[in-house]
Amino acid sequence: MTIERRRALIGVNAGIFLAHIGNFIWFPVLLASLGGTDSGFWAGVVMCMTYVGRLLATFFYEGTAARIGIRGAVFFGTAMEAVALGAMGFSGGVLVYSVLAFFIGFGSGTAFPGLKNILVSYPDDERPKAFSTFQMSAQVGLFGGALLGGLLADVDLRTLFSVVFAIFIGFCLASSAFIPRDGFETQAAADARAAGAAQERKPLFSLTVFKGIDVRGATRYFLLSAVFWFLSIGFLVGIPLHMEEYAPQWAPSAPFWITGLSVLVLQYPLFKFLIKHLRPGAVMAVGLAGMTAAFLAFGAGRSAAWVIVGCLVVVLGEVLFVPSFDIWVARKVPEQRLAKAMGAMHFFRSAGNMVGSLLAGVLFDLSLSLGVPGANWYAAAAVAAACAVICLLSRDGAATAQPAEEAVPETEAAPA
């Protein structure tokens, strides 16, 4: 790996690390607060608006990156996110929070595809390391943010969001200072991009984000990824509400200490073992089966002990599903279409998160009003189980399958 690519990887990993620290400080505390003072519905609405913003940013990302470069898009998106988060601490009311959440999401939806775009521009033999260190940095940030969120759970929101604002300014500077303007393109890809830019200037807003993406039968994976993120955000929104209602003696971010540490321990060895012995569809099914078991645990028992049990297995989804999908896309999408692919991936992720965050709050309120505690988790378990069966029964064609040693991401520390 060249010095330039090492520097860029440090910048990308530092950025995603700081982003996860900041996010896992503020959103569990805010959601638990809204769930206690307003309702699960309004807590879900605030989170949903972040994904509305992310989804809308999907249609602007390619045009923005074409005008100011990938580095400029990351800087612009992160700066917008930081300002909106800082304003959260000096605001009040669910309507104002919802508007600011939209801008938080729009900024994230502009910056995050840019970071992924940098990673997929690495040479094929360096992508597994790039993706694995990216994933590891995110999980370390998640764990650190959950710990800091617990320490800041009782401070006023102005102080809380001021800390988050400072962290996101660090994200903005760290990521944009090290990454190149347009990633690491091959000469052929650069020439093709230049020729295309000369013939037609990309519109700032475009609805053709999926046009021309050759996924070769991967539609089911994109759709399953949307459902996975639907379930994942359902956990992220539902568990702070769950803690506030059934385990108020714990900090609302406490479950994320467990999930963060579990992912750090399991990420590499478990994925490496399973991908060597099972086809990708079966590995995804195992991850979804873990989520099914976790949701059943949350629903069956609502004490802190059951939360711990559920958190130990819900991470199987992220440990097994996410890296399989990322590596597959990086290898299957033609290099000149990677910007579109990043937009498409982000669209499906944002769509799943947007619907999941809203329904998580609605189902939580519904379970309480019907007097059936845990009903929201049972519904999520049914969806996860159905997806696991679909993955298990699916056939991975020759074009999709990869040698195990190529598919397994390396979990080394980011190179210095």
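Which element gives the largest share of the nonpolar patch? In this predicted model, that element is helix 5, with three residues. The patch lies on the surface and consists of F75, V83, F165, I169 and L173. Together these residues have about 440 Å² of accessible area. Two elements, helix 2 (40–88) and helix 5 (157–178), each give two or more residues to the patch. V83 is found in helix 2. V83 has a relative accessibility of 56% and therefore counts as exposed, the cut-off being over 50%.

The overall fold is helical in its assigned elements. The chain has 14 helices and zero strands. Read along the sequence, the pattern is α-α-α-α-α-α-α-α-α-α-α-α-α-α. The chain comprises 416 residues, and buried residues make up 56% of them. Among contacts with a separation of 6 or more, 86% join residues 24 or more positions apart. The accessible surface of the chain is about 16200 Å². Carbon and sulfur atoms account for 67% of that surface.

Helix 1 takes part in a charged pair. The structure holds one salt bridge, formed by E126 and R5. Their closest N and O atoms are 2.8 Å apart. The pair links distant parts of the chain, with the two positions 121 residues apart in sequence numbering. R5 belongs to helix 1 (residues 3–37). E126 sits in the loop between helix 3 (94–120) and helix 4 (127–151). Both E126 and R5 are buried. Side chains of opposite charge can pair when their charged atoms come close.

F27 is also placed in helix 1. F27 counts as buried because its relative accessibility is 5%, and the buried class covers values under 20%. Leaving aside residues up to four places away in sequence, F27 touches M47, L236 and F256. F27 and P240 are 213 residues apart in sequence. In space, their C-alpha atoms are 9.0 Å apart.

A buried serine appears in helix 7 (residues 219–246), where S225 lies. S225 has a relative accessibility of 2%, so this residue counts as buried. With residues up to four places away in sequence not counted, S225 touches F321, F325 and F348.

V309 lies in helix 10 (residues 304–314). The relative accessible area of V309 is 44%, so V309 is partly exposed. V309 and F298 are 11 residues apart in sequence. The C-alpha to C-alpha distance between V309 and F298 is 8.4 Å.

Helix 13 was examined for its length and for the placement of its buried residues. This helix has 19 residues, running from 375 to 393. At 1.5 Å a residue, helix 13 should span 27 Å. The end C-alpha atoms of helix 13 are 28 Å apart, which agrees with the expected span. The buried residues of helix 13 are N376, W377, A380, A381, A384, C387, A388 and C391. Seen down the axis of helix 13, these residues fall within an arc of 130°, so they line one face of the helix.

Key: Residues are numbered from 1 along each chain as its sequence is written. This is a predicted model: local features need pLDDT of at least 70, side-chain atom pairs count only at pLDDT 80 or more; totals for chains, interfaces and linings use all residues. Side-chain values use heavy atoms; hydrogens and water are left out. Helices (H or I, at least four residues) and strands (E, at least two) are DSSP runs, numbered from the N terminus. The expected span of a helix is 1.5 Å times one less than its number of residues. Buried means under 20% relative accessible area, exposed over 50%, partly exposed in between (1.4 Å probe, protein chains only). The arc is that of the directions from the helix axis to the C-beta atoms. Patches are made of residues with over 30% relative accessible area and no salt bridge: like charges are joined within 9 Å, nonpolar side chains (Val, Leu, Ile, Met, Phe, Trp, Tyr) within 5 Å. Accessible areas come from the Shrake-Rupley method with a 1.4 Å probe; for residues, only the protein chains shown count as cover. A salt bridge is a side-chain nitrogen of Lys or Arg within 4 Å of a carboxyl oxygen of Asp or Glu. Contact means heavy atoms within 4.5 Å.
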